[in-house]
Amino acid sequence: MCGIVGYIGNKPAVDILINGLHQLEYRGYDSAGVALQCEDKINIYKAEGKLENLSSELTLHKREFENATMGIGHIRWATHGAPTVINAHPHTCNCGSLVIVHNGIIENHKELKALLEKKGAKFRSQTDTETVAHLIAYKYEQTRNLTEAVRLATKEIEGAYALCVMHKNEKNKLVATKRNAPLLVGVGEGEYFVASDVPATIPYTKKAMYLHDNEIVTLTLNGMKLINPDGIELAQKIETLPWEPVALSKMGYKHFMLKEIHEQPDVIRNILVGKLHCAEENISLNEVKLTKDTLKELNRIQIIACGTSLHAAMVGKYIIENFCGIAVDVEASSEYIYRKTVTDSKTLVIGVSQSGETADTLTAIKQSKAKGSHILIITNRPDSAMAREADSLLSVNAGIEVSVAATKSYIAQLVSFYLLALYMAEIKGSLDNATLQSIKTDLMIVPQKIEQILSNKESIQQCARHYANTKDFIYIARGINYPTALEGALKLKEISYINATGYPAGELKHGPIAMLDESMPVLSILMKGSVYEKLLSNSEEAKARNARMIALTNSKDEKLKELFEFIIEVPDIQELLSPIIAIIPLQLIAYYISEYLGKDVDQPRNLAKSVTVE
Ligand code: F6R
């Protein structure tokens, strides 16, 4: 949610800022703006909507900033105040000398605003951010030093922020700081890049320094200086990032989502390296820092997550209970944090998050940590706020996921849960050897099976087109694939805006069946195993109400042709691993429907990739 960029160097700043903002678009936004240091003032340009609107605005004024080599930029996802030009960042003090961009939420903005108004601040927007601009400007009047002004101001701010600040009187200087919101500095040759996330810096440099909470960095053409909130200079921790710029390109695919769906076989192979060598050897999971004795004695696990990660957590619950016989609760983080939870040092708490920045999950994790629970984090971002809270960190290594709709990170989370459950089962001795070996053997060949589905995707595309004009869509499943139904429905709803719902099939007759008629597509996730026959009966019940039946199945039963108007066949797989296979066609259906309807596949309306507000 929201994205910040900043640049100081010797190249035209506007191109770097706009390019950086494009790389952060996946975070979700509804207005944008940049500020550029010009001859004797700072010029600000803003626009509602997409970055194209900002670019058009900039084209009209390009002579004003053609020599600018320093600036800051922002994409805003509206929280305080509508997505208008006035509320768009950058924001300034009364006279426009002090300019800031901000990501996060200033919790005490009302109190600060009242104080600052008494001192003469004139507020123009409805944002919480403008308070910070006036506050830093006020501190600047007292200190005449931008870094010091930022340092003093941030002591009075409550809430989450990543800030990048410039001042007309301090030419060629950017100051940036953060608390509970991501921010890094890309370190080039005689130039620096500030950004909320790596995609904005990696096209220019692989060297970067992640800021820790409350640290303040000052960037000039002569170098950078890092201080702590007491003003003490800190050593700089510049690292070489493992990301390749090519990972951030579409590589010939029409959308990032399609590219990311196709990356899934390799994502799985990547996770298995070093952890699962062969079926005869034990799983190696050094990341889990609980002692074997503690693991053996665990009698309760809580998993907390949101959205797609929550669905991965539900599969996790199923397999941990099945493989290890440990009771597992799964809960949406946003619910977990507002009730009295029974958690203590004997509970293992697992937080699952692609971004590692989701505010609700982060809060939930901090709450359980305070109660003494061991915190295991499953995330795609080992550099995230959640990763820093982890006692054990399982990094899923799916590579940067650009499309807002999570696909490869979901698969990576699923596979991580399988490894964790197998690892615990081996320690506890809760699964017999033959079962353990058969699951491990089949897990290793899952990537090939996904490749088979992907090489046959035309039939799925055909199916998607057939149902693209429906207003509603129902997904049914039972057992281990109930979360698959939820995830399939979530994918469709978020990128096509079709009202899609996932149900445990046995629940149909307790209410949802009333909605069925000849206009309703019902997709049945009919994987062979313990609930196959039951689900077949539930599908018959739906068919009897004239629903348009679709099967997603690994069964070759000829009789299915009588019941279903479309059959999506997937390679055979044992039931316990079937969620990894069954989700692939559902991701593709959502993708093709969205693409067919001409929706913005990678950046669906109203959504943000990293949900940093509760
Ligand atoms: C759906 C999607 C969201 C996220 C949710 C949690 O495609 O991407 O539902 O799964 O916002 O985000 P993370 O996993 O980053 O905590």
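A polar contact is a pair of N or O atoms within 3.5 Å. This report uses that cut-off to describe how the ligand is held in a predicted model.

**Around the ligand**

The ligand is surrounded by 15 residues, and those that come nearest are Ser 309, Ser 353, Ser 355, Thr 358 and Glu 494. Sorted by class, this shell has seven polar, six nonpolar and two charged residues. Two helices each supply at least two residues of the shell: H9, which covers 307–324, and H16, which covers 482–496.

Three atom pairs between the protein and oxygen atoms of the ligand are listed below.

| Residue | Protein atom | Ligand atom | Distance |
|---|---|---|---|
| Ser 309 | polar side-chain atom | oxygen | 2.6 Å |
| Val 404 | backbone N or O atom | oxygen | 3.2 Å |
| Ala 406 | backbone N or O atom | oxygen | 2.8 Å |

Taken alone, the ligand exposes 400 Å², and the protein buries 90% of that area. Ser 309 uses its side chain for the pair in the table, whereas Val 404 uses a backbone atom, and so does Ala 406. Ser 309 is also one of the residues that come nearest to the ligand.

**A pair of packed helices**

Elsewhere in the description, helix H7 (residues 264–272) packs with helix H13 (residues 408–428); their axes are 9 Å apart and form an angle of about 30°. Because angles under 35 degrees count as roughly parallel, H7 is roughly parallel to H13. The crossing in which H7 passes H13 is right-handed.

Definitions and conventions
Residues numbered from 1 in each chain as written. Predicted model: local features only at pLDDT ≥ 70, side-chain atom pairs only at ≥ 80, totals over all residues. Heavy atoms only, no water. Near = heavy atom within 4 Å. Polar contact = N/O pair within 3.5 Å; in protein donor to acceptor, adjacent residues only side chain to side chain. Areas by Shrake-Rupley, 256 points an atom, 1.4 Å probe, with all protein chains shown as cover. Helix = DSSP H or I, 4+ residues; strand = E, 2+ residues; numbered from the N terminus. Nonpolar A, V, L, I, M, F, W, Y, C, P; charged D, E, K, R; others polar. Axes fitted to C-alpha atoms, helices over the stretch in contact; angles between N-to-C directions. Parallel < 35°, antiparallel > 145°, perpendicular 65-115°, else oblique. Left-handed = near helix turned anticlockwise from the far one by under 90°.
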